[in-house]
Amino acid sequence: MDAFYADAKYRQHQDDPDVGDYSVLAEGYFGPKADYVSRVCGIARGSVFEVGCGFGGALLAFRSRGWHCAGIEPDRHCAAYARKQLGFPGVRAGLLGADFAPDDKVDVVFSNHAFEHFADLDGVMRGIRAVL
(Lines give C-alpha, C1' and ligand atoms only; values in the text may rest on other atoms or scores of the structure.)
Protein backbone atom coordinates (compact mmCIF):
# COMPACT_ATOMS: atom_id res chain seq x y z
CA MET A 1 0.00 0.00 0.00
CA ASP A 2 2.85 2.41 0.75
CA ALA A 3 4.16 2.05 -2.81
CA PHE A 4 0.66 2.78 -4.12
CA TYR A 5 0.74 6.25 -2.55
CA ALA A 6 4.42 6.93 -3.25
CA ASP A 7 3.90 6.23 -6.95
CA ALA A 8 0.89 8.59 -7.18
CA LYS A 9 -1.47 5.86 -8.34
CA TYR A 10 -4.34 7.29 -6.30
CA ARG A 11 -4.26 10.75 -7.94
CA GLN A 12 -6.84 11.18 -10.69
CA HIS A 13 -5.06 14.13 -12.31
CA GLN A 14 -1.38 13.94 -13.11
CA ASP A 15 -0.89 17.60 -14.08
CA ASP A 16 0.48 20.12 -11.62
CA PRO A 17 -2.04 22.74 -10.57
CA ASP A 18 -1.50 26.34 -11.61
CA VAL A 19 -0.04 28.09 -8.55
CA GLY A 20 -2.42 31.06 -8.75
CA ASP A 21 -5.56 28.99 -9.22
CA TYR A 22 -4.44 26.52 -6.57
CA SER A 23 -3.79 29.30 -4.06
CA VAL A 24 -7.35 30.59 -4.49
CA LEU A 25 -8.79 27.08 -4.15
CA ALA A 26 -6.61 26.36 -1.12
CA GLU A 27 -7.69 29.52 0.67
CA GLY A 28 -11.34 28.80 0.06
CA TYR A 29 -11.14 25.22 1.25
CA PHE A 30 -8.41 25.29 3.90
CA GLY A 31 -8.69 28.87 5.13
CA PRO A 32 -11.66 28.20 7.43
CA LYS A 33 -9.91 25.07 8.72
CA ALA A 34 -6.75 27.04 9.54
CA ASP A 35 -8.89 29.64 11.31
CA TYR A 36 -10.61 26.88 13.29
CA VAL A 37 -7.26 25.42 14.35
CA SER A 38 -6.09 28.85 15.52
CA ARG A 39 -9.28 29.43 17.46
CA VAL A 40 -9.47 26.01 19.12
CA CYS A 41 -5.76 25.85 19.96
CA GLY A 42 -5.58 29.47 21.04
CA ILE A 43 -2.57 30.07 18.78
CA ALA A 44 -2.80 32.98 16.35
CA ARG A 45 0.55 32.20 14.70
CA GLY A 46 2.75 29.23 15.39
CA SER A 47 4.23 26.25 13.66
CA VAL A 48 2.24 23.54 11.95
CA PHE A 49 3.18 20.14 10.53
CA GLU A 50 0.74 18.59 8.09
CA VAL A 51 0.49 14.83 7.72
CA GLY A 52 -0.42 14.01 4.12
CA CYS A 53 0.01 17.54 2.81
CA GLY A 54 -0.53 16.74 -0.87
CA PHE A 55 0.42 19.68 -3.07
CA GLY A 56 0.51 21.97 -0.01
CA GLY A 57 -2.91 23.65 -0.04
CA ALA A 58 -3.47 23.68 3.72
CA LEU A 59 0.08 24.87 4.26
CA LEU A 60 -0.68 27.83 1.96
CA ALA A 61 -3.64 28.77 4.15
CA PHE A 62 -1.60 28.50 7.34
CA ARG A 63 1.32 30.45 5.87
CA SER A 64 -0.99 33.27 4.75
CA ARG A 65 -1.94 33.60 8.42
CA GLY A 66 1.67 33.86 9.55
CA TRP A 67 2.36 30.25 10.49
CA HIS A 68 5.67 28.44 9.94
CA CYS A 69 4.81 25.35 7.88
CA ALA A 70 6.24 21.89 7.30
CA GLY A 71 4.78 18.53 6.38
CA ILE A 72 5.12 15.08 4.95
CA GLU A 73 3.54 13.60 1.83
CA PRO A 74 3.95 10.04 0.50
CA ASP A 75 3.56 11.14 -3.13
CA ARG A 76 7.05 12.29 -4.13
CA HIS A 77 5.70 14.44 -6.95
CA CYS A 78 3.27 16.33 -4.73
CA ALA A 79 5.93 16.88 -2.08
CA ALA A 80 8.32 18.26 -4.71
CA TYR A 81 5.60 20.63 -5.97
CA ALA A 82 4.99 21.92 -2.43
CA ARG A 83 8.72 22.48 -1.95
CA LYS A 84 9.63 23.93 -5.33
CA GLN A 85 6.49 25.66 -6.61
CA LEU A 86 4.95 26.81 -3.33
CA GLY A 87 8.17 27.41 -1.40
CA PHE A 88 7.80 24.96 1.48
CA PRO A 89 11.33 23.62 2.12
CA GLY A 90 10.08 21.78 5.21
CA VAL A 91 7.92 19.38 3.20
CA ARG A 92 9.37 15.88 3.00
CA ALA A 93 8.45 13.02 0.72
CA GLY A 94 7.74 9.82 2.57
CA LEU A 95 5.61 8.21 5.21
CA LEU A 96 5.22 9.29 8.79
CA GLY A 97 6.20 6.45 11.08
CA ALA A 98 7.60 5.61 14.47
CA ASP A 99 11.15 6.27 13.27
CA PHE A 100 10.41 9.81 12.02
CA ALA A 101 12.98 12.39 13.09
CA PRO A 102 11.59 15.91 12.69
CA ASP A 103 13.75 18.92 11.88
CA ASP A 104 11.88 20.93 14.53
CA LYS A 105 9.08 20.49 17.02
CA VAL A 106 5.79 22.18 16.17
CA ASP A 107 2.78 23.63 17.97
CA VAL A 108 0.12 21.86 15.91
CA VAL A 109 -0.15 18.75 13.76
CA PHE A 110 -2.81 19.06 11.07
CA SER A 111 -4.24 16.44 8.74
CA ASN A 112 -7.16 16.52 6.34
CA HIS A 113 -8.53 13.27 4.94
CA ALA A 114 -5.32 11.31 5.44
CA PHE A 115 -5.82 9.02 8.43
CA GLU A 116 -8.06 6.64 6.51
CA HIS A 117 -5.07 5.84 4.27
CA PHE A 118 -2.62 4.76 7.00
CA ALA A 119 -1.70 1.10 7.20
CA ASP A 120 0.31 1.57 10.42
CA LEU A 121 -1.74 3.90 12.59
CA ASP A 122 0.39 3.16 15.66
CA GLY A 123 3.52 4.19 13.75
CA VAL A 124 1.86 7.36 12.51
CA MET A 125 0.80 8.30 16.03
CA ARG A 126 4.37 7.74 17.27
CA GLY A 127 5.61 9.96 14.44
CA ILE A 128 3.13 12.67 15.44
CA ARG A 129 4.32 12.45 19.02
CA ALA A 130 7.90 12.98 17.82
CA VAL A 131 6.84 16.16 15.99
CA LEU A 132 5.00 17.70 18.94
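**Exercise 1. Find out how exposed aspartate 35 is, and which partner it holds.**

Step 1. Start with the surface: aspartate 35 has a relative accessible area of 34%, so it counts as partly exposed. The cut-offs are under 20% for buried, over 50% for exposed, and partly exposed in between, with a 1.4 Å probe and protein chains only.

Step 2. Keep in mind that you are looking at a predicted model, where local features need pLDDT of at least 70, side-chain atom pairs count only at pLDDT 80 or more, and totals for chains, interfaces and linings use all residues. Residues are numbered from 1 along each chain as its sequence is written, and side-chain values use heavy atoms, with hydrogens and water left out.

Step 3. Now look for the partner. Aspartate 35 makes a salt bridge with arginine 65, and their closest N and O atoms are 2.5 Å apart. A salt bridge here is a side-chain nitrogen of Lys or Arg within 4 Å of a carboxyl oxygen of Asp or Glu.

Step 4. Place both ends: aspartate 35 sits in helix 2 (residues 19-41), while arginine 65 is in the loop between helix 3 (57-64) and strand 2 (68-73), so the pair links distant parts of the chain, 30 residues apart. Helices (H or I, at least four residues) and strands (E, at least two) are DSSP runs, numbered from the N terminus.

Step 5. Check arginine 65 too: its relative accessible area is 17%, so arginine 65 is buried.

**Exercise 2. Locate the parts of the chain that arginine 92 and aspartate 103 tie together.**

Step 1. These two side chains form a salt bridge, with the closest N and O atoms 3.0 Å apart.

Step 2. Arginine 92 belongs to strand 3 (residues 91-93), and aspartate 103 to the loop between strand 3 and strand 4 (108-110), so the bridge ties together parts 11 residues apart in sequence.

Step 3. Compare the surfaces: arginine 92 is partly exposed at 26%, whereas aspartate 103 is exposed at 61%.

**Exercise 3. Explore helix 5: describe one salt bridge and the placing of the buried residues.**

Step 1. Aspartate 122 and arginine 126 meet in a salt bridge (3.0 Å, N to O).

Step 2. Both lie in helix 5 (residues 121-131), 4 residues apart, so about one helical turn separates them. An α-helix has 3.6 residues a turn, so residues three or four places apart point the same way.

Step 3. Aspartate 122 is partly exposed at 47%, and arginine 126 is partly exposed at 49%.

Step 4. Turn to the buried residues of helix 5: Gly123, Val124, Gly127, Ile128 and Val131. They cover an arc of only 140 degrees around the axis (taken from the directions from the helix axis to the C-beta atoms), which puts them on the same side of helix 5.

Step 5. The buried residues of this helix pack against strand 1 and strand 4.

**Exercise 4. Describe the surroundings of glutamate 50.**

Step 1. Glutamate 50 is part of strand 1 (residues 47-51).

Step 2. Glutamate 50 is buried and has no salt bridge; lysine 33, the nearest side chain of opposite charge, is 9.1 Å away. For charge, Lys and Arg count as positive and Asp and Glu as negative, while His and the chain ends are not counted.

Step 3. Leaving aside neighbours within four places in sequence, the contacts of glutamate 50 (heavy atoms within 4.5 Å) include Ala58, Ile72 and Phe110.
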